[in-house]
Amino acid sequence: MKIIILGAGQVGGTLAEHLAREENDITVVDTDAKKLRDLHTKLDIRTVTGAGSYPIVLRQAGGEDADMLIAVTNSDEINMIACQVAHTLFRTPTKIARVRATAYLTRKGLFAHEAIPIDVLISPEQVVTDHVRRLIEHPGALQVLEFAGGLVQLVAVKAFYGGPLVGQDLAFLRRHMPNVDTRVAAIYRRSRPIIPRGDTVIEADDEVFFLAARRDIRAVMSELRRVERDFRRVVIAGGGNIGERLAEHLEHSHQVKIIEHSLERCTTLSERLDRTVVLHGSATSKRLLEEENIEECDIFCALTNDDEVNIMSSLLAKRLGAKKVLTLINNAAYVDLVQGGEIDIAISPQQATIGSLLTHVRRGDIVNVHSLRRGAAEAIEAIAHGDKQSSKVVGRTIREIDLPDGTTIGAIVRGKEVIIAHGNVTVESGDHVILFVIDKRRIRDVERLFQVGLTFF
């Protein structure tokens with residue numbers, strides 16, 4: 001595909017890296033020539049220096065024959081105008097824009113072909129808020145992803161000493177829990193992927209990705225680690241868009257406190273939120289954390305815009321007795337450095353957002369893509385179409401499907417029914433098939449599996 005990315009920031013740069021590896025024709029546009037030079041030395045892409053909303057700049061970037069425009073600059077207005085220009089002048093087929101301001105997102109009818117022609121809206125704050133919310137709802141999980149409208153969840157947990165399954169092979173899980181159907185999609189041991197088989201033995205500290213129906217997730221987690229009680233007391237550092245949205249979602253079911261350094265923002269938050277306690281001060285203040293009984297906090301969420309503040313406040317909260325700490329880190333290089341030590345969960349907003357964008361780049365009928373392990377792996381939800389003659393998956397059992405190396409089918413959703421993927425399950429047209437791909441180089445092969453042959457038409 002020929003794709004123009006506006007914005008060479010963290011999301012734009014990470015996305016360019018993902019898509020360039022998959023042999024797409026990528027052009028990145030930004031006003032910052034140094035950022036573009038840095039990207040160009042790393043990746044096989046074209047770059048254009050200039051304002052992404054200017055018609056002449058879009059033309060230089062190849063707007064006349066681009067398949068897709070992805071506008072992820074820091075300005076909502078530039079992103080929106082760029083989509084309007086691409087639609088009016090070049091009739092670009094797919095236009096994706098990052099829009100942050102709630103004032104735009106809450107206006108019905110604003111983003112339509114007869115108004116501002118944006119095909120897909122990406123709101124990073126909402127994506128990250130949903131990500132954090134799911135982790136709070138599943139104590140002990142490192143990552144929680146939803147498929148088929150939430151009917152199926154993919155959960156990553158670290159196996160702990162003392163878990164019933166640790167030291168046992170995966171076949172034991174079936175015997176031990178005959179009434180719960182689940183599928184281990186992948187295991188990462190010392191950061192290396194293992195394709196799970198029945199005789200694979202789970203070791204302590206393995207990162208285990210498993211799929212199950214939403215109702216069974218808690219039962220499976222209890223097999224891999226000690227069951228943790230639900231989080232009740234939540235402290236949020238940072239009252240920006242993410243902090244506010246998270247508090248709004250949690251305040252009726254949890255005890256929530258927000259620490260915000262801006263007095264003006266504190267006033268706004270206290271007016272908008274019903275039950276949340278809003279505290280004015282610094283999240284890195286030991287005295288403030290002690291006064292607010294941080295040792296009684298179940299989870300401390302550091303969600304400011306400053307990586308250093310997030311890391312330092314998380315370390316301080318953990319030292320002072322917070323049971324769990326979750327930290328938002330914009331610099332992707334820091335994420336692997338800090339997670340798993342005193343910081344329990346580190347979240348990269350770019351990686352959380354990338355999945356939303358990749359969904360619309362994938363060929364075939366792909367309805368969901370989640371980037372995993374900092375982009376090393378992907379979980380994909382694809383819809384099977386056609387019949388046995390025109391499709392490589394329909395009418396075949398999972399055992400018969402020629403899956404690329406490093407790819408596993410975890411589950412199938414048929415209507416409202418969740419079918420965990422065992423070898424004798426037959427795929428039908430219209431099924432939502434959930435796959436785990438540990439080798440990103442195989443993504444194109446997976447897409448081809450779900451592309452219907454011409455005989456179907």
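Here are two short exercises on a predicted model, each with a worked solution. Residues count from 1 along each chain as its sequence is written, local features need pLDDT of at least 70 and side-chain atom pairs 80 or more, while totals for chains, interfaces and linings use all residues, and side-chain values use heavy atoms, without hydrogens and water.

**Exercise 1. Place Thr182 and find what its side chain reaches.**

Step 1. Thr182 lies in strand β9, residues 182–189. Strands are DSSP runs of E, at least two residues, numbered from the N terminus.

Step 2. Is Thr182 buried or exposed? Its relative accessible area is 10%. Buried means under 20%, exposed over 50%, partly exposed in between (1.4 Å probe, protein chains only). So Thr182 is buried.

Step 3. The side chain of Thr182 reaches the backbone oxygen of Leu211 at 2.8 Å.

**Exercise 2. Classify the ring pairs that link Tyr188, Phe209 and Phe436.**

Step 1. Rings of Phe, Tyr and Trp (its six-membered ring) pair if their centres lie within 6.5 Å; planes under 30 degrees apart are stacked, over 60 edge-to-face, the rest tilted. The structure holds 2 aromatic pairs.

Step 2. Take Tyr188 and Phe209: centres 5.8 Å apart, planes at 70°, so the pair is edge-to-face. Tyr188 sits in strand β9 and Phe209 in strand β11 (residues 207–213), so the pair ties together parts 21 residues apart in sequence.

Step 3. Take Phe209 and Phe436: centres 5.3 Å apart, planes at 55°, so this pair is tilted. Phe436 belongs to strand β22 (residues 432–437), 227 residues from Phe209.

Step 4. Check burial. Phe209 has 1% relative accessibility, so it counts as buried. Phe436 is buried too, at 2%.

Key: Helix = DSSP H or I, 4+ residues; strand = E, 2+ residues; numbered from the N terminus. Polar contact = N/O pair within 3.5 Å; in protein donor to acceptor, adjacent residues only side chain to side chain.
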